[in-house]
Amino acid sequence: MTVPHAPLTPQAIWAALDTVPDPEIPVVSVTDMGMVRDVQIAQDGAVTVTFTPTFSGCPALHVIRDSIGQAVRDLGAPAVEVRSTLTPPWTTDWIKEDARERLREYGIAPPAPAEDGLIQLQADATRCPRCGSFDVRMTGSFGPTLCKRLYVCDACKEPFEGFKSI
Amino acid sequence: MTAPAPLTLSETQQAALIRKLTALADDEIILAQRGGEWTGHAPILEEDIALANIAQDELGHAGLYLELRRALDGSNPDQLAFTRDAAGYTCARLVELPRGDWAFTMLRQYLYDAYEAVWLDAARQSSYVPLAEVAAKAFREERFHLQHTALWVERLALGTPESLRRTQDALNALWPHLGQLFQPVAGEAELTGDGVLPDLNAVRVRWDGLVVPHLTDRCGLTLPPAGAEQPGREQHTEHLEPLLAEMQRVARDHPDAELW
């Protein structure tokens, strides 16, 4: 049985994309991360979604692209094109406020505001997502995914991951 | 935002830009392969992960460059990476050298990261908008590599007499190969004149200003004398062929594979 589809609106598409999880951090969606930049519906109903990659070497990019396409097709769109853009480049500043809180609850320290300078020898202050202490040490400047670093909290003794500010 | 008038490249300019993009991508691919060789062998788990991250980022950058090339000539990035042999690769000799010890690995990555960061920083101003966009993206990622490897070079140089000796040996071995990174490819001068590509002399000056004080003042290393005349990017060391044989083996054995 085919479920009748409501007329396609940008709001409906955005709402559907709100449910597409980031494959590497499933507590946040692709829209939470600020990856979806634009949604357009043509006269004939064909949908174009523009998204921007977080890290250029992120191995999850093709999964994200496929999931976005599938979510829009599930709404009954006759054709979907998922375009990628590099401009403006993705920044962690685009991660939504409530998503930052979900990241923290999940055990990942959210990113500090991004800076655009050439070299920072001092990493931004990071707070333990578990106990809130600033008494933390970075134990690895690269984590299990391209977007994260590894830390240990000296207050509660827990290891945790922190988002890079990019 | 209003888009600037699109830059039209002549046929010779286009050919030169393709050469440059390929050279940039080739450096990234080969260095990433060398970094990947440490997987499971790095001194500590965190560094195993770090090098894998850096290698993955560099491959991402290679992908960006090869996508720019695809837009110019329709070439397939995977085919370029996995079916060209040593004679077709245009990487610098610096990245081909065997991975060596940890000091060699970190110092090479540092010297390269500094070059890439400075080059990308300048390329953000490219009059060829697609390249400016790629540079703006990759630059943000490259900063993390440089931050990481700069600290490692310092740590090794100021560590034990043994780590200092190894770091100095690595510098002596790597220094003569550096000039090649700052050598233009055929036709590059014209593109630089049009603001498409950064001026390599200016990049070199900025690189020197960043790297030399770090190596000498901060790390206490001694710079070896400058290298001799650099060969072109078509002349490779004997190390590239075995590297490609390993890197391309699966792709060549299964040319029709669609899922990996």
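What volume does the largest cavity have? The largest cavity has about 90 Å³. The model is predicted. Chain A and chain B meet in a contact that buries about 2800 Å² between them. The largest pocket holds about 1800 Å³ of space.

**Interface between chain A and chain B**

- Chain A brings 31 residues to the contact, and chain B brings 28 residues.
- Of the buried area of about 2800 Å², 58% sits on carbon and sulfur atoms.
- On the chain B side, Lys137(B), Arg140(B) and Phe144(B) lose the most area to chain A. Together these three account for 26% of what that side buries.
- There are 0 salt bridges between chain B and chain A.
- Polar contacts do link the two chains: 7 residue pairs, with both residues at pLDDT 80 or more.
- Four helices of chain B each supply at least two residues of the side that touches chain A. They are H2 (45-73), H5 (102-123), H6 (129-157) and H9 (200-218).
- H6(B) gives the most to this side of chain B, with 13 residues.
- By class, the side of chain B that touches chain A splits into 11 nonpolar, 10 charged and 7 polar residues.

**Cavities**

- The whole structure has 3 cavities of 30 Å³ or more.
- The largest cavity is lined by 14 residues. Closest to its centre are Asp22(A), Glu24(A), Thr54(A), Cys58(A) and Cys147(A).
- The lining of the largest cavity has 10 nonpolar residues, with 2 polar and 2 charged.
- The second largest cavity has a volume of about 40 Å³.
- Residues of chain B line the second largest cavity: Leu31(B), Arg34(B), Gly35(B), Trp38(B), Leu51(B), Arg99(B), Thr105(B), Arg108(B) and Gln109(B).
- Helix H1 (11-36) and H5 of chain B each give two or more residues to that lining.
- The lining of the second largest cavity divides into 3 nonpolar, 3 polar and 3 charged residues.

**Largest pocket**

- The lining of the largest pocket counts 45 residues. Leu59(B), Gly63(B), Pro77(B), Asp78(B) and Phe82(B) are the closest to the pocket centre.
- Both chains supply helices to the pocket lining. Chain A provides at least two residues from helix H2 (61-73). In chain B, H1, H2, helix H3 (77-83) and helix H10 (240-253) each provide at least two.
- H2(B) contributes the largest share of the pocket lining, 11 residues.
- H2 of chain B also supplies at least two residues of the side that touches chain A.
- By class, the pocket lining has 22 nonpolar, 16 polar and 7 charged residues.

**Salt bridges**

- Over all chains the count comes to 22 salt bridges. Between chain B and chain A the count is 0.
- One salt bridge joins Arg84(B) and Asp26(B), with the closest N and O atoms 2.8 Å apart.
- Arg84(B) lies in the loop between H3 and helix H4 (93-96) of chain B, and Asp26(B) lies in helix H1 of chain B, so this pair ties together parts that are 58 residues apart in sequence.
- H1 and H3 of chain B each also supply at least two residues of the pocket lining.

Methods:
Residues are numbered from 1 along each chain as its sequence is written. Chains are lettered from A and ligands numbered from 1 in the order in which they are written. This is a predicted model: local features need pLDDT of at least 70, side-chain atom pairs count only at pLDDT 80 or more; totals for chains, interfaces and linings use all residues. Side-chain values use heavy atoms; hydrogens and water are left out. Contact means heavy atoms within 4.5 Å. Buried area is the accessible area (1.4 Å probe) that two parts lose on being put together, summed over both. A salt bridge is a side-chain nitrogen of Lys or Arg within 4 Å of a carboxyl oxygen of Asp or Glu. A polar contact is a pair of N or O atoms within 3.5 Å; within protein, one must be able to donate a hydrogen and the other to accept it, and residues adjacent in sequence count only if both atoms are side-chain atoms. Ala, Val, Leu, Ile, Met, Phe, Trp, Tyr, Cys and Pro count as nonpolar, Asp, Glu, Lys and Arg as charged, and the others, Gly among them, as polar. On a 1 Å grid over the protein atoms alone, a cavity is a set of points where a 1.4 Å probe fits but cannot get out, and a pocket is an open set with protein on both sides within 12 Å along at least five of seven lines; lining residues have an atom within 4 Å of a point. Grid points are joined across faces, edges and corners, and a volume is the space filled by probe spheres set on the points.
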